[in-house]
Amino acid sequence: MTKITAAITAVGKYVPDYILTNKELETLVDTNDEWITSRTGIKERRILKEEGLGTSYLAIKAAQELIQKSNIDPTEIDMVILGTATPDLFVASTAAYVASEIGAVNAFGYDLQAACSSFLYGMSTAAAYIESGRYKKVLLIGADKMSSIIDYKDRATCIIFGDGAGAALFEPNTEGLGLQDEFLRSDGVGRDFLRIEAGGSLMPTTQKTLDDKKHFVYQEGKTVFKYAVSNMAEVAAKMLTRNNLEERDIQWLAAHQANKRIIEATAKRVGVSSEKVMMNIQNYGNTTSATLPLLLADYENQLKKGDNIIFAAFGGGFTWGAAYVKWAYNS
Ligand code: UT7
């Protein structure tokens, strides 16, 4: 029997129109373009400004772009997984709403939360459903409206994050293309260093939590940086050694866009040169669950069938991992 692998067969993206530049951030907090650029690589991010629109709006737009571009019938989608740390609502699944709005009326959907690793973990989930033969079309979306949980008076976080969404369709492949290998990790030691303290079951919302600004993202940047650099680089390198790949066998590195210095450190460890490193952090900042699919959408025209791509991500929790994918189509 022919082995079924799970291939990405289409991608789509959406970022809001409003551009928050380093210059504008200089008017909000004590920072400057030079510091932000040299420490993070970020020049601007996109912000969803319109009231009444949540993460679902971003996700729906990205999914609709994918559907239009690839000409698929949304009623054929079996499953919608939404990687997000900023669901529209607590309790009500945002993915369920997204699936209905895009016309995926025969699908079921749920949210997957692993902070900045949500899309990477989602790739594993989507691929497992395809490889098992259980479903034929799994739509994986990574979307976050980070501006909804950022304090624009906190220079440690407001310079980093942005809003955006990307989507990827997973389908069965019999040519051996798609997901080849993965190594996913987590370590609860991370939860003190990158988190929103209140509003969950551990510390429900009170007037005091609101007054103390405990509903915004808190990050101890230096510590997260250290863990991110060493762990992301290690798992990415593991994809090569475990699959007997040399640097020359790798066409692309798609690493979570949290900090240009972390991405470059990962590239160095894997041994790939800068032209093989997908990079768009300068345009969007850290969009959490959306960074990996936004990279795929932005680089789609340059990707060729059979290209070997190493994915890597690191996020709150801590959560992290890497994956090795053989690209499945020429666009
Ligand atoms: O996506 C999930 C995973 N997240 C990450 O991977 C993020 C990991 N962390 C980082 O990317 C970096 O730690 C940051 C970009 C958040 C911070 O960069 P850093 O090089 O670690 O800076 P730092 O926090 O060590 O601060 C260095 C200096 C400090 O001043 P002193 O104490 O040296 O005088 C800060 O007060 O820079 C100062 N600083 C700033 N200056 C201007 C901190 N934030 C800013 C700012 N503008 N926005």
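User: Taking helices as DSSP runs of H or I with at least four residues, numbered from the N terminus, where is the place of I130?

Analyst: In this model, which is a predicted one, I130 has its place in helix α5, a helix that covers residues 118-131.

User: Is I130 buried or exposed?

Analyst: I130 counts as buried, because its relative accessibility is 0% and the cut-off for buried is under 20%.

User: And what is I130 in contact with, leaving aside neighbours within four places in sequence?

Analyst: With those neighbours set aside, I130 is in contact with I4, T5 and A6, with Y135, K136, K137 and V138, and with F170, E171 and P172. For one of these residues, E171, there is also a backbone distance: the C-alpha atoms of I130 and E171 are 6.5 Å apart in space, although 41 residues separate the two in sequence.

User: T5 makes me think of β1, residues 5-14; how many of its residues are buried?

Analyst: In strand β1, 8 of the 10 residues are buried, so the strand is largely enclosed by the rest of the structure.

User: Which strand is β1 joined to, and do they run parallel or antiparallel?

Analyst: Strand β1 is joined by 9 bridges to strand β7, which takes in residues 163-173, and the two strands run antiparallel. As one example of the pairing, K13 has G166 in β7 as its bridge partner.

User: Since we're on strands, how do side chains sit in a regular one?

Analyst: As a general point, side chains in a regular strand alternate between the two faces of the sheet.

User: Back to G166: which residue 107 positions away along the chain has a listed C-alpha distance to it?

Analyst: That residue is A59, whose C-alpha atom is separated from that of G166 by 7.1 Å. A59 lies in helix α3, and with a relative accessible area of 0% it is buried. Leaving aside neighbours within four places in sequence, A59 is in contact with L82, V98, I141, A143 and A165.

User: Changing topic, what does the whole chain look like in terms of helices, strands and compactness?

Analyst: The protein chain has 11 helices and 13 strands. Its radius of gyration is 19 Å, close to the 20 Å given by the globule rule for 331 residues, so the chain is as compact as a globular protein of that length. Taken along the principal axes, the C-alpha atoms fill a box of roughly 60 × 45 × 35 Å.

User: How much of the chain is buried, and how much of the contact set is long-range, 24 or more positions apart?

Analyst: Buried residues make up 54% of the 331 residues, and among contacts with a separation of 6 or more, 76% are between residues 24 or more positions apart.

User: What about the surface and the charges?

Analyst: The chain exposes about 14,500 Å², with carbon and sulfur atoms supplying 49% of that area. There are 35 positive and 40 negative side chains, and the centres of these two sets lie 5 Å apart.

User: Is helix α11 mostly covered or mostly exposed?

Analyst: Helix α11, residues 291-299, is mostly covered, with 8 of its 9 residues buried; the buried residues are T291, L292, P293, L294, L295, L296, A297 and Y299.

User: And W35, how exposed is that one?

Analyst: W35, which has its place in helix α2 (residues 33-40), is partly exposed, with a relative accessible area of 37%. Not counting residues up to four places away in sequence, W35 touches T40 and I159, and its C-alpha atom is separated by 9.6 Å from that of N22, 13 residues apart along the chain.

User: Last thing, backbone geometry: which residues other than glycine have positive phi, and where is there a cis peptide bond?

Analyst: Among the residues with positive phi are N71, near 60 degrees, and V91, near 75 degrees. N71 lies in the loop between α3 (55-70) and β4 (79-83) and is exposed, with a relative accessible area of 70%, while V91 is found in the loop between β4 and α4 (94-101) and is exposed as well, with a relative accessible area of 90%. A cis peptide bond joins G317 and F318, with omega about 0 degrees, and F318 is found in the loop between β12 (308-315) and β13 (319-326).

Conventions: Residues are numbered from 1 along each chain as its sequence is written. This is a predicted model: local features need pLDDT of at least 70, side-chain atom pairs count only at pLDDT 80 or more; totals for chains, interfaces and linings use all residues. Side-chain values use heavy atoms; hydrogens and water are left out. The radius of gyration is taken over C-alpha atoms; the globule rule is 2.2 Å times the number of residues to the power 0.38. Buried means under 20% relative accessible area, exposed over 50%, partly exposed in between (1.4 Å probe, protein chains only). Contact means heavy atoms within 4.5 Å. Accessible areas come from the Shrake-Rupley method with a 1.4 Å probe; for residues, only the protein chains shown count as cover. Lys and Arg count as positive and Asp and Glu as negative; His and the chain ends are not counted. The place of a charge is taken as NZ of Lys, CZ of Arg, CG of Asp or CD of Glu. Two strands pair if DSSP finds at least two bridges between them.
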